[in-house]
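Let's take a friendly walk through this protein together. Please have the chain and the fold open side by side as you read.

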Amino acid sequence: MPLELAELPPLRSLGFDIMEVLEQAYFPQPCAKLVESRCSVYAARPNNCRGYRCKVLRRLEQGELDVEQARALVQKATSLRSTVQQLLASVSDCTSSVWARLEAFLKAENLQLDSPEFSRRHPQLGMHLMMLRRMVDEEFLVKKDAAGGQGRCLLIRPAGHTCMPP
Ligand code: SF4
């Protein structure tokens, strides 16, 4: 997650683990401040976090979903993510995102995602991953908008998307 230079001192004092690469500052995902599906530093969260509203939040704001429906979607997606994480347990780096773990898993197994061989060797993982990706795509991702905004998602991070808890 990219950070603005001006916000680095207060974020460092909150304990954010900040990396600086080529004059751009980041903090790693999954975010260590996400505790039981909530931001533990909500009032002082980074500006990028503050500005992001996923599709579920937008639908909630527009009255298309009520709070319980939105919560149910988040819980269902979180549960699917946990299942995929468990199925990827052979990948040792448990601090990385689901997507990073999946990439490592595919590399270690010399498999292509969505290939028949992948489905044959890992049917449970393939099925849950498909459900998670579909759900994230349909319920959470905000596609590029007219202003050029980037779709982002907290659950997995396909190439071309940045990752962001709600
Ligand atoms: S909003 Fe999410 S990513 Fe941002 S600081 Fe809070 S938990 Fe971390």
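The sections below go from the overall fold to the sheet, the helices and a few single residues.

## The overall picture

This is a predicted model, so please read the values here as computed from that model. The protein contains seven helices and seven strands. Going along the chain from the N terminus, you will meet the elements in the order β-α-β-β-β-β-α-α-α-α-α-α-β-β.

How much of the protein counts as buried? The figure is 20% of its 166 residues. As for reach along the chain, take the contacts between residues at least 6 apart in sequence: 47% of these join residues at least 24 apart.

## A three-stranded sheet

Strands in a sheet pair through hydrogen bonds of the backbone, in either a parallel or an antiparallel way. Here, three strands make an open sheet, ordered E1-E3-E2, and their pairing is antiparallel. Strand E1 (2–3) and strand E2 (19–21) are at the edges with a single partner strand each, so each has one side without a neighbour in the sheet.

If you zoom in on E2 and strand E3 (residues 24–26), you will find three bridges holding an antiparallel pairing. One place to look is Met19, whose bridge partner in E3 is Tyr26.

## Asp17, just ahead of E2

Asp17 sits in the loop that links helix H1 (8–13) to E2. Is Asp17 buried or exposed? Asp17 has 12 other C-beta atoms within 10 Å, and a residue with 12 or fewer counts as exposed, so Asp17 falls in the exposed class.

Even so, Asp17 has partners from further along the chain. Leaving aside residues up to four places away in sequence, Asp17 touches Phe27, Pro28 and Ala32. With Phe27, the C-alpha to C-alpha separation is 5.9 Å, although the two residues are ten apart along the chain.

## The nonpolar core and the H4–H7 pair

The largest nonpolar core has 14 residues, and those touching the most other members are Ala77, Val84, Leu132 and Phe140. Which elements give two or more residues to this core? They are helix H4 (67–87), helix H5 (98–109) and helix H7 (123–140).

Two packed helices are described by the angle between their axes and by the distance between those axes. For H4 and H7, the axes come within 9 Å and cross at roughly 150 degrees. That angle makes H4 roughly antiparallel to H7, and the crossing is left-handed.

The contact between these helices involves a long list of residues. On the H4 side you will find Leu73, Lys76, Ala77, Leu80, Arg81, Thr83, Val84 and Leu87. They meet Gln124, Leu125, His128, Leu129, Met131, Leu132, Met135, Val136, Glu139 and Phe140 in H7.

## Two positive phi angles between H5 and H6

The loop between H5 and helix H6 (116–121) is worth a look in your backbone torsion plot. Asn110 lies in this loop and has a positive phi of about 55 degrees, though it is not a glycine. Asn110 counts as exposed, because 7 C-beta neighbours lie inside 10 Å.

Asp114 belongs to the loop between H5 and H6 as well. Its phi is positive too, at about 70 degrees, and Asp114 is not a glycine either. With 11 C-beta neighbours inside 10 Å, Asp114 also counts as exposed.

Note on methods
Residues numbered from 1 in each chain as written. Predicted model: local features only at pLDDT ≥ 70, side-chain atom pairs only at ≥ 80, totals over all residues. Pairing = 2+ DSSP bridges. Helix = DSSP H or I, 4+ residues; strand = E, 2+ residues; numbered from the N terminus. Core = buried A, V, L, I, M, F, W, Y, C linked by C-beta atoms within 7 Å. Contact = placed C-beta atoms within 7 Å. Axes fitted to C-alpha atoms, helices over the stretch in contact; angles between N-to-C directions. Parallel < 35°, antiparallel > 145°, perpendicular 65-115°, else oblique. Left-handed = near helix turned anticlockwise from the far one by under 90°.
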